[in-house]
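Ready for some practice at reading a protein structure? Try each exercise yourself before you look at the worked solution.

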Amino acid sequence: MHPATGTRTRLSRTTLPNGLILLTDSRPSRPSVGIALHYRVGFRSDPLHRPGLAHLVEHLMFQGSENLPDSAYFTSLYACGGTAGGTTHQDYTDYFHSVPAEALQQALKAEADRMRAPRFTSDGIRRQVAAIQEEVELAHRKGAFAGFPWPMLADVLFGNPANARDGYGNARTLDGTSVQECAEFFTTHYAPGNAVLTLSGGVSRPVSEWVADHFGRIPARVVPRRPALDEPPLTSDHVVTRVVPGRGPAALAVGYRLPATGTGLSRYLAYLLLARSLPSLGRSGGPESAPTIEDARCGFFSAFDAVDPDALVITVRRPRAASVEEALGVLDHGLSAAMEGAVDGATLEGLVRRTVLEQHREHDAPVARARALGRLEALFGRGELLDELPDLLRAVNTHDIATAAAELRAAHRAVLHVEPQEDKATARQNSGPRRVATGTGGDAGTGADGSAGVSHAATPAAGTVPGRGSTSSPSLNPLAPPLFTAYSEATPHPNRTGEPHIVVIHDDRAPVIEVRLCLTLRDANDAHIAFALAEILAHRWTADPDLEGDCTTSVEGVRVQLNGWLPRSARHHWSTALAQLIREPLRSADVLTTASRATARLRRSLHDPAWALDRATLRLLPGAAGGAGPTLRPGIEALTGQPMPFTGAVLVAVGDLDPDQATADARQTFDRAGEPPRQHAQATSPAEELLRVRRPGPAFALWCAPEAVSHTTAAALYLAVALVGGHPGARLTSDQGSASEVRAMAGRDGRFGVRRVTVTTLPGPENTEEAVSRLRIRLRDLGQEQATAQEISAARAFCTGQAVRIDTQKALADQLLAWVLLGHPVSRLAWLPHEFGSVHDADVVRAVRELFAEPAFAGALFHNDHADTLRSAP
């Protein structure tokens, strides 16, 4: 029995003759299966002369195997709507998949083939070294400080090169890597006896036979010894300052050695709970210009993610007005408070309760649970520890916390001080947009945030995508249950102002209530206000004792979105607590507390090509909110004392709730005066033109058009998008598998007050604008081509598999919100997997034509062509 949830589980362990360990976690009610394969090798096993080799081999494992060459590994996996990924950590590398239960056997067969005989080629190595370099550059562009706190802090905390190295690798460290090096690394570390295979979810009875048949034939090999990781204790504090490109406040990362799990789990867990308390204990209570503890955690990546030695990592935000000593003083103040009993019984009980609930929520999805079970088995030989952790956490007492704080207060530590310095290149203003009338256009759009029903973003992790018409995927069980059964919906009355759109679904698979709150902004063009409201919502949630769970906030088009969760015990007051977040007028304290964080988020978003492209395209899309383009004026201060500036709200809740009662309660508590919410309407077609913006980084383009109002069903629309550019066997991706110079993917969203069809593209560095324009021509041609029965069948299999994997409360809440924002009936989402199978081919053909052949598309292209002279931004 799964602790606290009552879910029946049957965790079994089997060792094959070749040494492979099989963990089976049967959860018969789940329609999907999570597969995780862990090898006990990570970047701490890299040869000294070749840092990054473990990471490179992980990439190469997706490049094909003996019976599945040239990335054919992905063909059947993605055709059925599955997903795949891989990660490299200090002491393990994992490969994970999520597939419909009907596709389990073929996924096991594919995974076994690459354990037995992967194919490494010089060309594959060259491509994947370039991909790793691109990962590194992306991390530099996305983060405030690339490499902070990992791997920079590891280099300060540890002296053993194996513990201190950067596991990413890059083009310099991996240049010249040979096929023989990769093959020898694989032969040494990828032995069956050095691996754990974990299956979680709707596992059927013959699974052990399948595993024995596919994996049992792989010959046993000698299992290597783990690398020497001995690390002497620090004899003094290590303090290092590094100047890095960037802007904004400086930051500190402080590292302590964690106690090894072999010395007793209770001590490790005391450190874990102490870390969770430090952000609140380390608050100075002063103005925003004072240092604050931003985060504290066990492990560079997560708890129980590495063998000894591992680190407790604390990051401290240091405003420029504060010294390093003052920032460290905030941390020391928090540790001293914990030593003196600040974490009392009630506080500890709350910490434990929240940590346990997070564990249940985080590992509810079959693939997440498979990864966690396999990781604990591979590192510590105890996969069952995942289900034992709740009771072990409850056994930690206040004395344990005070003792852990005293140990840290007395211990030597590594301190990494990062000081940003804006260089001239990053400070230079980018040139502004130049409109290019195309007549033929160019198209690329995004199916990221805001896509509903199924995710259209299922791109293989590496290599080329499979060709058109791959249909060898198993069909959906016709007796499969709906995604949900009990729900209630309250839609805004068209003649009443300020009414929210509320949807509540009963789902008791996890002991939490998933909530999604989406607010449509009054002034969609004021990006600063949008990010300020996002920060204020998060701050109010954290400060409210009735909101015991956690939340994240984001700016999605013309909306501010809150994704949160609450414990099941909040089911009687959840809507009242949420309503308080938005009913309270804006206070000066809200603005002062969140101003710098909001500004920092806005600056990061302006450097995010996907976000910036979205906003730029709206200038060309008539009828969309925010079409005037974002303004950056800091106008939130002028709204102090006024109601929150939004016109409408969408509220989604998924949990152990009575749908009718919860909807009625939420309707009453969220009712407020205000402007009516923006309704979906038919936007006029844009002019066929391309907006060009010069900025650093790789070229990136987005094309979009408003959807025409029609009676086409949601299922037909999603199948049309998948057929043209939304799955690996689609028309656009098939083009890419041949000689196309662009990578493109289609999607739909409703993030800007109109339903859009979108296509995103990553054109190559040569003839960028010409390539994007050719793509636009190709898109119209594809929309006019008659879809074949084979193509539609492939799209059905993919979309059905994607929909079946909406099998957690979190995933259901996410998809439900996106579905509502697209204006689709909630009742149709419940049976979406079945509707994909029943929609007529003719409806799909008509939807393809409506979405891609008939409308005009507006586009924006970001590029780095310094040869062109573009006029400045207005």
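**Exercise 1. Find which residue of S18 is the bridge partner of Cys518, then place the two strands in their sheet.**

Step 1. Look across from Cys518 into S18: the bridge partner there is Val650. Keep in mind that this is a predicted model.

Step 2. Widen the view to the whole strands. Strand S15 (residues 512–521) and strand S18 (residues 646–655) are joined by eight bridges, and their pairing is antiparallel.

Step 3. Now add the other strands. S15 and S18 belong to an open sheet of six strands with the order S13-S14-S18-S15-S17-S16, and the pairing in it is mixed. At the edges you'll find strand S13 (487–490) and strand S16 (550–556), each of which pairs on one side only. From one strand to the next, the twist averages 10 degrees.

Step 4. Finally, see what packs on this sheet. Helix H26 (residues 809–821) does, and it touches strand S14 (501–506), S15, strand S17 (559–567) and S18. The direction of H26 makes about 150 degrees with that of S18.

**Exercise 2. Work out which strands stand at the edges of the five-stranded sheet, and what that leaves them without.**

Step 1. Write down the order: S7-S11-S8-S10-S9, an open sheet with mixed pairing.

Step 2. Check the ends of that list. Strand S7 (238–245) and strand S9 (292–298) each have a single partner strand, so one side of each has no neighbour in the sheet. The twist here averages 15 degrees from one strand to the next.

Step 3. Follow S7 to its partner. S7 and strand S11 (residues 414–421) run parallel and share eight bridges. One pair to look for is Val244 with its bridge partner Pro420 in S11.

Step 4. Move on to S8. Eight bridges link S8 to S10, and the two run antiparallel; Val254 stands opposite Ile314 in S10. S8 also runs antiparallel to S11, with five bridges between them, and Gly255 stands opposite Ala414 in S11.

Step 5. Ask how well S8 is covered. Seven of its eight residues are buried, so "mostly covered" is a fair description. Helix H11 (residues 324–339) lies across strand S8 (250–257), S9, strand S10 (311–318) and S11, and runs at about 45 degrees to S8.

**Exercise 3. Decide how H10 and H12 are oriented to each other.**

Step 1. Here's the general idea: two packed helices are described by the angle between their axes and the distance between the axes.

Step 2. Get both values. H10 and H12 pack at an angle of about 105 degrees, and their axes are 10 Å apart.

Step 3. Compare with the cut-off: angles of 65 to 115 degrees count as roughly perpendicular. H10 and H12 are therefore roughly perpendicular to each other.

Step 4. Find who makes the contact. From H10 come Leu272, Leu273, Arg276 and Ser277, and from H12 come Leu348, Leu351, Val352, Arg354, Thr355 and Glu358.

Step 5. These helices show up again around helix H14 (residues 385–394), whose buried residues include Leu385, Leu386 and Leu389. Among what covers the buried residues of H14 are helix H10 (265–281), helix H12 (345–362) and helix H13 (366–380).

**Exercise 4. Check whether the end-to-end span of H19 agrees with what its number of residues should give.**

Step 1. Helix H19 (residues 588–606) has 19 residues, and at 1.5 Å a residue it should span 27 Å.

Step 2. The end C-alpha atoms are 26 Å apart, which agrees.

Step 3. Don't picture a straight rod, though: H19 has a kink of about 50 degrees centred on Thr594. Thr594 is also one of the buried residues of H19, along with others including Val591, Ala598 and Leu602.

**Exercise 5. Buried or exposed? Sort Val759 and Pro698.**

Step 1. Val759 lies in strand S22 (residues 756–763). At 0% relative accessibility, Val759 counts as buried, because the cut-off is under 20%.

Step 2. Pro698 sits in the loop between strand S19 (689–694) and strand S20 (700–706). With a relative accessible area of 51%, Pro698 is exposed.

Step 3. Compare sequence with space. Pro698 and Pro763 are 65 residues apart in sequence, and their C-alpha atoms are 8.5 Å apart. For Val759 and Ala744, the values are 15 residues and 6.6 Å.

Terms used:
Residues are numbered from 1 along each chain as its sequence is written. This is a predicted model: local features need pLDDT of at least 70, side-chain atom pairs count only at pLDDT 80 or more; totals for chains, interfaces and linings use all residues. Side-chain values use heavy atoms; hydrogens and water are left out. Helices (H or I, at least four residues) and strands (E, at least two) are DSSP runs, numbered from the N terminus. The expected span of a helix is 1.5 Å times one less than its number of residues. The bend at a residue is the angle between axes fitted to the seven residues ending there and the seven starting there. Buried means under 20% relative accessible area, exposed over 50%, partly exposed in between (1.4 Å probe, protein chains only). Contact means heavy atoms within 4.5 Å. Two strands pair if DSSP finds at least two bridges between them. Axes are lines fitted to C-alpha atoms, for helices over the stretch in contact, and angles run from 0 to 180 degrees between N-to-C directions. Angles under 35 degrees count as roughly parallel, over 145 as roughly antiparallel, 65 to 115 as roughly perpendicular and the rest as oblique.
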